[in-house]
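Good morning, and thank you for coming. I would like to take you through one model today, beginning with the way its parts meet.

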Amino acid sequence: MKIVEEILELKARRNALLLAHNYTRPEVQDIADFVGDSLELSRKAAECHAPVIVFCGVRFMAETAKLLSPTSIVLHPNPKAGCPMAEMASPEEIRAYRASHPGTQVVAYVNTTAATKTEVDICCTSGNAEKLVASLPQNRPLLFLPDANLGANIAGKLGRKIELWPGCCPTHNKILPEHIKEARMRHPNAVVLVHPECLPAVVALADHALSTGGMLRFVHDSPQKEFIIGTECGILHRMRKENPEKAFHPLDPAVVCPNMKRITLEDVLNSLRDMRPTVELDDEVLRRARAPIDKMLEV
Ligand code: SF4
């Protein structure tokens, strides 16, 4: 395809690293240098030292790449690709919460804006949330934001009281317990994997709740041959590509995040050609929002 050749040629000329989330369009994943979940992409951005990063994912992820690689030019090819969940907790709301709940430890899912991260103690991803919350002192109240489902699922797993922010992922919230019951009837031998952003009632019916990176490792290592996948359907592309001998069924084909599909090959080409739109964060946000991410990467 001509457009792919043009992108690869420009990418080489700019010495750019192209990162893509597991939920992005298949054709975007296919030209990426690295495809992964939020935690894997954060680590890649932190260690890459690339002069240019093209980040194919939603806005908060591109901001995280900028926080972890501040000297890189970070291109986010379509600024309309935002995450509704990330907009559900603002810095002002967190300051107000802290004022009325002194002593609370605030844990933020990485799905938050850089501005919101400046007000929290530590970040986590779905891949490390349980381990990270378990590492925090038990004798202080703990607020988890913005995803109430992920917070409730961790609380249930750890048997720990956690205050939950009333946010959620509109895409994962579409998955209901009846979807699992119906899918199990259709595919009785399949293992059911769901994302921990799903409702606790959904997680309770699944065989495992895993981050997208965790799901990919699981299906690769498992001797099982058939899987029902309860997360954004973009991940099926990589699962099928990496495991051609296994069968993957979406729990519900309507579980598609419109924001994760916004970045097209044309957007990638245009951004590499014009070197915009770039992610810009002011120095104070860079400094203060990086601290909770650094803490996360240390755990
Ligand atoms: S799948 Fe959910 S959490 Fe992820 S970008 Fe879309 S809306 Fe945000």
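Let me begin at an interface: 10 residues of domain 2 are in contact with 9 residues of domain 3. Please keep in mind throughout that this is a predicted model. To fix the names, the domain assignment gives domain 1 as 2-82 + 260-281, domain 2 as 85-164 and domain 3 as 172-256.

Between domain 2 and domain 3, about 650 Å² is buried, and 46% of that lies on carbon and sulfur atoms. Which residues of domain 2 lose the most area to domain 3? They are Ser126, Asn149 and Asn153, which together account for 65% of what that side buries. In terms of secondary structure, helix α8, residues 148-158, supplies the largest share of the side of domain 2 that touches domain 3, namely 4 residues. As for polar interactions, 6 residue pairs are in polar contact between domain 2 and domain 3, with both partners at pLDDT 80 or more. The rule finds 0 salt bridges across this interface. The C-alpha centres of domain 2 and domain 3 are 26 Å apart.

I turn now to the interior. As general background, nonpolar side chains in soluble globular proteins tend to be buried together. In this model the largest nonpolar core has 56 residues, and Phe55, Val107, Phe144 and Leu145 have the most contacts inside it. Helix α4, residues 59-68, gives the largest share of this core, 6 residues. Where does this core lie with respect to the domains? Domain 1 and domain 2 both contribute residues to the core, so it lies between them. A second, separate core has 21 residues, including Leu10, Val52, Val54 and Ala81.

Val107 deserves a closer look. Setting aside residues up to four places away in sequence, Val107 touches Ile122, Cys124, Leu132, Leu136, Leu142, Leu143, Phe144 and Leu145.

Leu145 also brings us to the backbone. Most residues other than glycine have a negative phi, and most peptide bonds are trans. The bond that joins Leu145 and Pro146, however, is cis, with omega about -10°. Pro146 sits in the loop between β7, residues 142-145, and α8. A further cis peptide bond runs from Arg276 to Pro277, with omega near 0°. Pro277 belongs to the loop between α13, residues 265-274, and α14, residues 283-298.

That loop between α13 and α14 also holds Met275, which is not a glycine but has a positive phi near 55°. Is Met275 buried, partly exposed or exposed? Its relative accessibility is 22%, so Met275 counts as partly exposed. His49 is likewise a residue other than glycine with a positive phi, about 55°. His49 lies in the loop between α3, residues 38-48, and β3, residues 52-56. With a relative accessible area of 68%, His49 is exposed.

I close with helix α14, where Ala289 is found. Ala289 counts as buried because its relative accessibility is 0%. Which residues surround Ala289, leaving aside its neighbours within four places in sequence? Ala289 is in contact with Leu67, Ala114, Lys117 and Thr118. Ala289 and Arg14, by comparison, are 275 residues apart in sequence and 28 Å apart in space, C-alpha to C-alpha.

Thank you for your attention.

Key. Residues numbered from 1 in each chain as written. Predicted model: local features only at pLDDT ≥ 70, side-chain atom pairs only at ≥ 80, totals over all residues. Heavy atoms only, no water. Core = buried A, V, L, I, M, F, W, Y, C linked by side-chain atoms within 4.5 Å. Buried < 20%, exposed > 50% of the residue type's maximum accessible area, 1.4 Å probe, protein only. Helix = DSSP H or I, 4+ residues; strand = E, 2+ residues; numbered from the N terminus. Domains from an automatic or database assignment. Contact = heavy atoms within 4.5 Å. Buried area = accessible area lost by both parts, 1.4 Å probe. Salt bridge = Lys/Arg side-chain N within 4 Å of Asp/Glu carboxyl O. Polar contact = N/O pair within 3.5 Å; in protein donor to acceptor, adjacent residues only side chain to side chain.
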